[in-house]
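Welcome, and please open your viewer beside this page. We will move through the model one selection at a time, and at each stop I will tell you what is there.

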Amino acid sequence: MMCRSCGSNKTCHTARATIDLLKDTFGDRLISRFGPVNWPPRSCDLTPLDYFLWGYVKSLVYADNPQTLDHLENNIRRVIADIRPQMLEKVIESLTSRLDYIRASCGSSMPEIIFKM
């Protein structure tokens with residue numbers, strides 16, 4: 001499995017120290033291959049936070065190249081506050097179509113789905 005954040009071909013973010021910290025922090029609420037709640041396969045194809053929100057927010061937060069922590073925090077607050085219900089409705093519609101596709105394809109990957117908003 002390739003890690004989407006670092007590009008390595010290793011299991012993502014499962015170093016012992018990381019898992020121990022997460023277990024200490026979240027206890028029985030930890031979602032992980034190594035925690036009490038198993039991480040679902042191909043979940044980043046399905047999770048709106050992964051396939052839409054983080055990339056959208058990041059692109060706008062860094063658009064003006066913030067140079068201070070205050071500037072960065074203000075950008076994050078502004079971008080999140082500007083997300084409108086209509087946009088979230090489109091995200092949910094996209095999620096619904098992804099789930100329909102997964103059901104119809106018996107859980108196979110989704111290479112031909114075009115991600116658009």
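**Stop 1: a loop between two helices**

Start by selecting Ala63, which lies in the loop between H3 and H4. Is Ala63 buried or exposed? Ala63 counts as exposed, because its relative accessibility is 62%, above the 50% cut-off for that word. Now add Asn75 to your selection: 12 residues separate Ala63 and Asn75 in sequence, and their C-alpha atoms are 9.3 Å apart in space.

Stay in this loop and click on Asn65, which is also found between H3 and H4. Asn65 is not a glycine, yet its phi is positive, about 50°. For background, most residues other than glycine have a negative phi.

**Stop 2: the whole chain**

Zoom out for a moment. What you see is a predicted model. How many helices and strands does the protein chain have? There are 5 helices and 0 strands, so the pattern along the sequence reads α-α-α-α-α.

Of the 117 residues in the chain, 19% count as buried. If you show the surface, you are looking at about 8,800 Å² of exposed area, with 59% of it supplied by carbon and sulfur atoms. Among contacts between residues at least 6 apart in sequence, 33% join residues at least 24 apart.

Next, colour the model by confidence. The mean pLDDT of the chain is 76, and 69% of its residues reach 70 or more. Where is confidence lowest, and where is it highest? Among the helices, H2 (residues 43-46) has the lowest mean, at 57, while H4 has the highest, at 96. Then select residues 1-6: pLDDT stays under 50 there, and the model has 16 contacts beyond four places in sequence for this stretch.

**Stop 3: where H3 meets its neighbours**

Select Leu60, whose place is in helix H3. Leu60 counts as partly exposed because its relative accessibility is 34%, which falls between the 20% and 50% cut-offs. Leaving aside neighbours within four places in sequence, Leu60 is in contact with Arg78 and Val79. Measure across to Val79 in your viewer: the C-alpha atoms of Leu60 and Val79 are separated by 6.8 Å, though the two residues are 19 apart along the chain.

Move on to Val61. Which residues does Val61 touch, not counting those up to four places away in sequence? They are Pro66, Leu72, Asn75, Ile76 and Val79.

Now pick Asn74, in helix H4 (residues 69-81). Its relative accessible area is 48%, so Asn74 is partly exposed. Between the C-alpha atoms of Asn74 and Val61 there are 8.8 Å, with their positions 13 residues apart along the chain.

**Stop 4: the largest nonpolar core**

Show the side chains of Tyr51, Phe52, Leu53, Val57, Val61, Val79, Ile83, Val91 and Leu95: these 9 residues make up the largest nonpolar core. Helix H3 (48-61) and helix H5 (85-104) each supply at least two residues of this core, and H3 gives the most, with 5. In soluble globular proteins, nonpolar side chains tend to be buried together.

**Stop 5: along H5 and past its end**

Finish with helix H5. At 1.5 Å a residue, the 20 residues of H5 should span 28 Å, and the end C-alpha atoms are 29 Å apart, which agrees.

Which residues of H5 are buried? Select Val91, Ser94, Leu95, Arg98 and Ile102 to see them. These residues cover an arc of only 105° around the axis, which means that they sit on the same side of H5. An α-helix has 3.6 residues a turn, so residues three or four places apart point the same way. Turn the helix around, and on the other side of H5 you will find Gln86, Glu93, Arg103 and Ala104 exposed.

Your last click is Cys106, which follows H5 and has a positive phi, near 55°.

Terms used:
Residues are numbered from 1 along each chain as its sequence is written. This is a predicted model: local features need pLDDT of at least 70, side-chain atom pairs count only at pLDDT 80 or more; totals for chains, interfaces and linings use all residues. Side-chain values use heavy atoms; hydrogens and water are left out. Helices (H or I, at least four residues) and strands (E, at least two) are DSSP runs, numbered from the N terminus. Buried means under 20% relative accessible area, exposed over 50%, partly exposed in between (1.4 Å probe, protein chains only). Contact means heavy atoms within 4.5 Å. Accessible areas come from the Shrake-Rupley method with a 1.4 Å probe; for residues, only the protein chains shown count as cover. A nonpolar core is a set of buried Ala, Val, Leu, Ile, Met, Phe, Trp, Tyr and Cys residues joined through side-chain atoms within 4.5 Å. pLDDT is the predictor's confidence in each residue, from 0 to 100. The expected span of a helix is 1.5 Å times one less than its number of residues. The arc is that of the directions from the helix axis to the C-beta atoms.
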